[in-house]
Amino acid sequence: SAENHTYATANTSAFIAEMQVFLPERMKHDAFLNAHIINHPAGLNLKTVQLKSKTPPLTNPEQLVKAFTAFNVMGAITPRDSVDLCNDVTQVKLPQYPEEGEEGYEAWMDHPSVLLRTVKTHGEQSAKTQEIKDIEAEGDIEFNNPEHGQE
């Protein structure tokens, strides 16, 4: 529809403007301010500080959902990372999970959730394999048999 086309065109135009116009301009302004005010001896004379402007946050809920979903599917983020990412992108302040050694810490907080869903310990996998063998022996059912369950 025309409305969707206009919305898509506006999103694309905003992204291109950000990448080709506003981001380079922010970088130029940051470099000037760092060289002449922040780090300059006649300015603040700060040697270990650099000004870096923030980019505008993603505010479109659809873009946020797509980004978080893609990061999660790729196994790129842990639950701890997702809190940081959410705080950065949405500019809110969700509380962070406890660090290792702190009260309430659990190992899953530092493992990508895609791995938490798919990886099993050797013991868990062995138990599952034995359970399948037991069911097959009791009920004369064969798992992974292409003919089973297709009538």
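## Loop residues

Asn39 sits in the loop between H1 and H2. The model is a predicted one. Is Asn39 buried or exposed? Its relative accessibility is 17%. The limit for a buried residue is under 20%, so Asn39 counts as buried. The side chain of Asn39 has a polar partner in the backbone: one of its polar atoms lies 2.8 Å from the backbone oxygen of Val49. Which residues does Asn39 touch beyond its neighbours within four places in sequence? They are Asn34, Asn45, Leu46, Lys47, Val49 and Gln50. Val49 therefore appears twice for Asn39, as the owner of the backbone oxygen and as a contact under the 4.5 Å heavy-atom limit.

Two of these contacts deserve a closer look. Asn45 lies in the loop between H1 and H2. Its phi is positive, about 55°, although Asn45 is not a glycine. Asn45 is partly exposed, with a relative accessible area of 35%. Leu46 is also placed in that loop, which runs between helix H1 (2–38) and helix H2 (61–73). Leu46 has a relative accessible area of 33% and is partly exposed.

## Nonpolar surface

Which residues form the nonpolar patch on the surface? Phe32, Leu33, Ile37, Leu44, Leu46, Val49 and Leu51 do. Together they offer about 550 Å² of accessible area. Patch membership requires over 30% relative accessible area, and Leu46 has 33%. Leu46 and Val49 belong to the patch, and both are in contact with the buried Asn39.

For the protein as a whole, the exposed area is about 12,100 Å². Carbon and sulfur atoms supply 59% of that area.

## Helix H1

Arg26 lies in helix H1. At 17% relative accessibility, Arg26 counts as buried. Setting aside residues up to four places away in sequence, Arg26 touches Glu18, Ser53, Lys54, Thr55 and Pro56.

A salt bridge joins the side chains of Glu25 and Lys28, at 3.6 Å from N to O. Why are these two residues about one helical turn apart? Because they are 3 residues apart in helix H1. Their accessibility classes are not alike: Glu25 is partly exposed at 36% relative accessibility, whereas Lys28 is exposed at 54%.

## Salt-bridge network

The search of the whole structure turns up 4 salt bridges. Arg80, Glu99 and Asp110 are linked in a network of such bridges. Arg80 takes part in both pairs described here.

The side chains of Glu99 and Arg80 meet at 3.8 Å, N to O. Glu99 is in the loop between helix H3 (79–90) and H4, and Arg80 is in helix H3, so this pair ties together parts 19 residues apart in sequence. Arg80 also forms a salt bridge with Asp110, where the closest N and O atoms are 2.6 Å apart. That pair links distant parts of the chain, with Arg80 in helix H3 and Asp110 in the loop between H3 and H4, 30 residues apart.

How buried or exposed are the three members? Arg80 is buried, with a relative accessible area of 9%. Glu99 is partly exposed at 42%. Asp110 counts as partly exposed too, at 30% relative accessibility.

## Overall fold and confidence

How many helices and strands does the protein have? It has 5 helices and 0 strands. From the N terminus on, the elements run α-α-α-α-α. Buried residues make up 13% of the 151 residues. Take the contacts between residues at least 6 apart in sequence: 38% of them join residues at least 24 apart.

The average pLDDT is 77. A score of at least 70 is reached by 68% of the residues. Which elements have the lowest and the highest mean pLDDT? Helix H4 (residues 113–118) has the lowest, 55, and H1 the highest, 84. Where pLDDT is low, the predicted coordinates should not be read in detail.

Notes:
Residues numbered from 1 in each chain as written. Predicted model: local features only at pLDDT ≥ 70, side-chain atom pairs only at ≥ 80, totals over all residues. Heavy atoms only, no water. Patch = residues over 30% accessible without salt bridge, like charges linked within 9 Å, V, L, I, M, F, W, Y side chains within 5 Å. Areas by Shrake-Rupley, 256 points an atom, 1.4 Å probe, with all protein chains shown as cover. Helix = DSSP H or I, 4+ residues; strand = E, 2+ residues; numbered from the N terminus. Buried < 20%, exposed > 50% of the residue type's maximum accessible area, 1.4 Å probe, protein only. Polar contact = N/O pair within 3.5 Å; in protein donor to acceptor, adjacent residues only side chain to side chain. pLDDT = per-residue confidence, 0-100.
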